[in-house]
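Q: Could you take a close look at one helix here and tell me how it sits among its surroundings? After that, walk me through whatever else catches your eye in the same model.

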Number of protein chains: 2
Amino acid sequence: VRVAVVAVGDELLLGHVVNQNLAWIGRTLAAAGVPLVRGVEVPDDVDAIRSVLLQALSAADAVVLTGGLGPTSDDVTRAALAAAAGVPLRRDRELAAALADWYADRGLRMPPGVLVQADVPDGARPLPNPVGTAAGLRLQMADQVVYALPGVPAELRQMVETSVVPELVAAAGGPAPVLTTQLRVAVMGESLVAEHLSALEPDLPDGVHLSYLASPGEVLVRLTGRDPRVLAGLRERAAAVLGEAVSGLDEETLPATVLRLLSGRGETVAAAESLTGGALAAALVDVPGASSAFVGAVVAYSSELKERLLDVPPALLAGGAVHPDVAGAMAAGVRRRAGSTWGVATTGVAGPDHQDGQPPGTVFVAVAGPRADQPTVRALTLRGDRAVVRSLSVTHALDLLRRSLGAVARIPEQRT
Amino acid sequence: VRVAVVAVGDELLLGHVVNQNLAWIGRTLAAAGVPLVRGVEVPDDVDAIRSVLLQALSAADAVVLTGGLGPTSDDVTRAALAAAAGVPLRRDRELAAALADWYADRGLRMPPGVLVQADVPDGARPLPNPVGTAAGLRLQMADQVVYALPGVPAELRQMVETSVVPELVAAAGGPAPVLTTQLRVAVMGESLVAEHLSALEPDLPDGVHLSYLASPGEVLVRLTGRDPRVLAGLRERAAAVLGEAVSGLDEETLPATVLRLLSGRGETVAAAESLTGGALAAALVDVPGASSAFVGAVVAYSSELKERLLDVPPALLAGGAVHPDVAGAMAAGVRRRAGSTWGVATTGVAGPDHQDGQPPGTVFVAVAGPRADQPTVRALTLRGDRAVVRSLSVTHALDLLRRSLGAVARIPEQRT
């Protein structure tokens with residue numbers, strides 16, 4: 001069963017609203033074994049919706065139409081659906097009565113315009129909306145079906161789960177969910193990751209896809225298919241090739257991996273941040289249960305605070321705060337001040353301007369731990385704007401700490 | 001000029017990634033006077049992309065194709081574009097040389113697969129990518145044009161601004177932009193904001209729209225239209241009604257407003273964070289030039305660090321760290337330790353579990369300043385998951401600081 005989504009609304013094309021509904025429907029239907037083949041956004045215009053709907057029906061067996069079912073003049077989905085099916089609109093008496101009841105129950109006067117929500121294309125069956133006033137519609141067109149649902153996420157989600165998913169799963173002959181497993185690789189370029197894994201590509205079984213999703217500082221290597229054992233075997237092969245470059249599996253982010261490794265050793269970490277300005281600490285605290293291994297951080301954004309709160313020697317700071325030894329002293333300083341097992345630190349130039357004669361992207365990250373005499377420092381030359389440089393610095397600092405903590409992957413556990 | 005966006009990527013249809021690019025392009029082109037007529041999401045499949053692209057060209061004069069230009073095997077946009085145009089792919093020598101240079105400049109070996117990024121549909125002109133390695137492509141098809149751009153947001157945005165917008169504005173015969181102006185209101189519910197502004201609605205001139213966009217902790221009151229003077233007058237009326245609830249104008253975020261107010265007074269702030277874990281500091285550092293007023297922060301996630309690094313009295317902590325007096329002591333402590341004019345602090349329960357017998361959402365934010373004897377503390381009961389509670393706590397803390405600094409709005413300045 002091929003399913004498309006057509007989302008109606010000027011706000012989606014003007015960029016006032018991001019189409020979160022599409023992603024949610026995509027995830028929900030994929031988990032039910034019915035992946036989407038197409039998504040479309042179209043303005044509040046009868047002719048445009050009609051044309052897009054007919055195109056979608058040329059590529060799909062079922063279309064989920066979202067939005068434009070409300071009572072205001074820009075809600076034209078009902079009219080467009082009737083036009084696409086070549087049928088008139090008729091007023092549904094039960095829907096009209098239900099709307100009147102809804103207002104009467106709440107002691108409210110019903111604005112007269114509300115009743116247009118009882119107009120349905122001839123032949124369409126109303127779908128109950130347990131949350132709001134706009135009913136959905138189900139219209140069979142020969143051997144295809146269109147579900148028109150409200151765009152309000154809470155209403156849409158209930159109706160997809162109760163009305164759409166069961167029908168589509170039944171039509172598909174029972175569920176065969178699309179499974180996804182992924183390896184996460186920090187601080188390695190997408191091309192290099194792909195080169196490492198190129199040997200896997202010729203052997204991929206039918207229906208299994210290998211894809212890469214790159215974001216600043218991380219590449220997700222994603223395997224999708226329908227047989228969990230095949231996917232697990234491929235993931236194991238990929239992990240063996242990538243070795244310690246693997247920074248996490250599936251949904252476990254780099255901060256979560258670091259915290260899990262620390263907790264497993266009964267150890268703690270504190271952070272000292274300059275250019276990242278709290279983002280490293282915030283990334284760790286994002287993980288529920290972070291307090292088991294993360295004790296705190298000092299954001300020493302000014303040089304004065306690097307001395308006052310982290311004991312970085314003034315003589316060192318006199319040469320500028322963007323220096324590998326400053327990063328090392330910050331990591332050691334926060335470890336001592338906080339009494340933690342590990343200290344991790346960042347200093348550098350986020351931009352847009354030069355600082356201490358150094359260009360944006362010049363960054364040093366450091367880790368101080370219980371065994372080494374000297375902190376470990378990694379020197380970086382990062383490209384990107386202020387936000388990207390800061391985000392990459394967080395990833396590099398966490399990845400340096402991860403590598404200091406030993407092997408990451410839980411693959412041996414999952415092999416059983 | 002009618003413009004459509006076709007976004008390529010399995011991840012969009014599987015719901016792993018939300019199509020933020022579409023919303024950004026929509027906003028950017030609307031601001032340039034060229035609103036989108038269509039958005040489409042399509043899987044990484046040559047035939048599907050080709051078919052969708054031809055359909056989009058039946059409804060639009062120009063198509064922006066995003067994603068699928070990378071070096072890996074699932075990057076098939078180049079092949080699909082060539083198929084749609086009915087032309088072969090050829091290797092572009094200049095692009096190939098530029099790729100080799102990119103790796104040589106960095107002292108890196110070029111993985112051989114990278115060179116597929118130099119394959120372009122015959123007749124296409126490469127578009128420079130100042131940020132990454134994947135060039136964009138511009139292909140004229142009779143009197144229509146297709147721009148193929150990388151899906152990585154930072155790369156896409158630069159290329160839309162430098163290559164796409166100027167051409168489309170010129171083709172449209174000069175800009176007639178849809179203007180947007182907005183008032184930002186922190187920590188007030190959407191219905192209440194709308195109720196305050198209901199008196200404006202009957203007077204709105206034709207072509208002017210008043211809309212509300214609510215996100216946790218902030219409501220954007222958005223006025224769109226084409227006459228800047230009409231919009232400015234309406235915004236002034238709305239600001240007068242909302243008074244000190246207005247936390248910012250247009251694109252100036254709450255952290256930026258706070259930093260501007262501080263800089264204007266020649267004052268500084270330091271933060272003491274518990275449940276927000278660095279997110280308050282990071283929000284301030286997100287603003288370029290933050291160092292003029294933000295000196296640093298102490299993230300005292302454990303109770304021990306609240307004592308060690310912020311001098312919160314142990315007797316106070318013995319009763320639990322989620323307490324208004326702890327928030328006040330943290331704000332005063334970081335102000336003293338950092339030597340700043342102001343201290344701002346957060347403590348509370350982010351969840352998912354109870355802490356010190358208090359439920360998630362119990363939060364205290366505090367501000368300590370130069371004049372008051374006692375810190376100002378705001379007690380909050382917040383609803384939402386861990387991330388929402390933390391984000392709302394940051395907003396409340398910054399809003400409390402903003403109100404301590406006096407009037408925000410630059411409206412009198414803009415009246416001239």
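A: Let's start with the buried side of H2(A), bearing in mind that this is a predicted model. The residues tucked away there are A:Asn21, A:Leu22, A:Ala23, A:Trp24, A:Ile25, A:Gly26, A:Thr28, A:Leu29 and A:Ala30. That's nine of the twelve residues in H2(A), so the helix is mostly covered, given that buried means under 20% relative accessible area. What do they pack against? Within chain A, the partners are strands S1 (3–8), S2 (36–42) and S3 (62–66), plus helix H6 (153–171). Chain B joins in too, with helix H1 (10–13) and strand S2 (36–42).

The length of the helix checks out as well. H2(A) runs over residues 20–31, and at 1.5 Å a residue its twelve residues should span 16 Å; the end C-alpha atoms are 17 Å apart, which agrees. Just past the helix, A:Gly33 takes a positive phi of about 90 degrees.

Positive phi also turns up in residues other than glycine. A:Val187, with phi near 50 degrees, is one of them, and it sits in the loop between strand S9 (179–186) and helix H7 (190–196) of chain A. Its relative accessibility is 26%, so it counts as partly exposed. Over in chain B, B:Asp356 also has phi near 50 degrees. B:Asp356 belongs to the loop between S15 and S16 of that chain, and its relative accessible area of 46% makes it partly exposed.

That loop has another feature: B:Pro352 is found in it, and the peptide bond from B:Gly351 to B:Pro352 is cis, with omega near 10 degrees. In chain A, a cis bond joins A:Gly351 and A:Pro352, with omega of about 5 degrees. A:Pro352 lies in the loop between strand S15 (342–348) and strand S16 (362–368) of chain A.

Now for two helix pairs in chain A. The axes of H3(A) (residues 46–59) and H4(A) (residues 77–85) come within 8 Å and cross at roughly 50 degrees, which makes H3(A) oblique to H4(A). The crossing is right-handed. H3(A) brings A:Val46, A:Ile49, A:Arg50, A:Leu53 and A:Leu54 to the contact, while H4(A) supplies A:Thr77, A:Ala79, A:Ala80, A:Leu81, A:Ala83 and A:Ala84. By class, you get nine nonpolar residues, one polar and one charged.

The other pair is H11(A) (residues 303–310) and H13(A) (residues 324–338), whose axes come within 9 Å and cross at roughly 40 degrees. These two are therefore oblique to each other, and their crossing is left-handed. From H11(A), A:Lys306, A:Arg308, A:Leu309 and A:Leu310 meet a set in H13(A) that includes A:Val326, A:Met330 and A:Arg337. The residues of this contact divide into six nonpolar, one polar and four charged.

Finally, a couple of buried strand residues. A:Pro121, in strand S5 (residues 119–121) of chain A, is buried with a relative accessible area of 0%. Beyond its sequence neighbours, A:Pro121 touches residues including A:Leu81, A:Val87, A:Pro88 and A:Leu137. In chain B, B:Val145 of strand S8 (residues 144–149) counts as buried at 8% relative accessibility. B:Asp61 is 84 residues away from B:Val145 in sequence, yet their C-alpha atoms are 6.8 Å apart. B:Asp61 is in contact with B:Val145, as are B:Ala62, B:Val63, B:Arg138, B:Leu139 and B:Gln140.

Conventions
Residues numbered from 1 in each chain as written. Chains lettered and ligands numbered in written order. Predicted model: local features only at pLDDT ≥ 70, side-chain atom pairs only at ≥ 80, totals over all residues. Heavy atoms only, no water. Helix = DSSP H or I, 4+ residues; strand = E, 2+ residues; numbered from the N terminus. Expected span 1.5 Å × (residues − 1). Buried < 20%, exposed > 50% of the residue type's maximum accessible area, 1.4 Å probe, protein only. Contact = heavy atoms within 4.5 Å. Axes fitted to C-alpha atoms, helices over the stretch in contact; angles between N-to-C directions. Parallel < 35°, antiparallel > 145°, perpendicular 65-115°, else oblique. Left-handed = near helix turned anticlockwise from the far one by under 90°. Nonpolar A, V, L, I, M, F, W, Y, C, P; charged D, E, K, R; others polar. Lists of a residue's contacts leave out its neighbours within four places in sequence.
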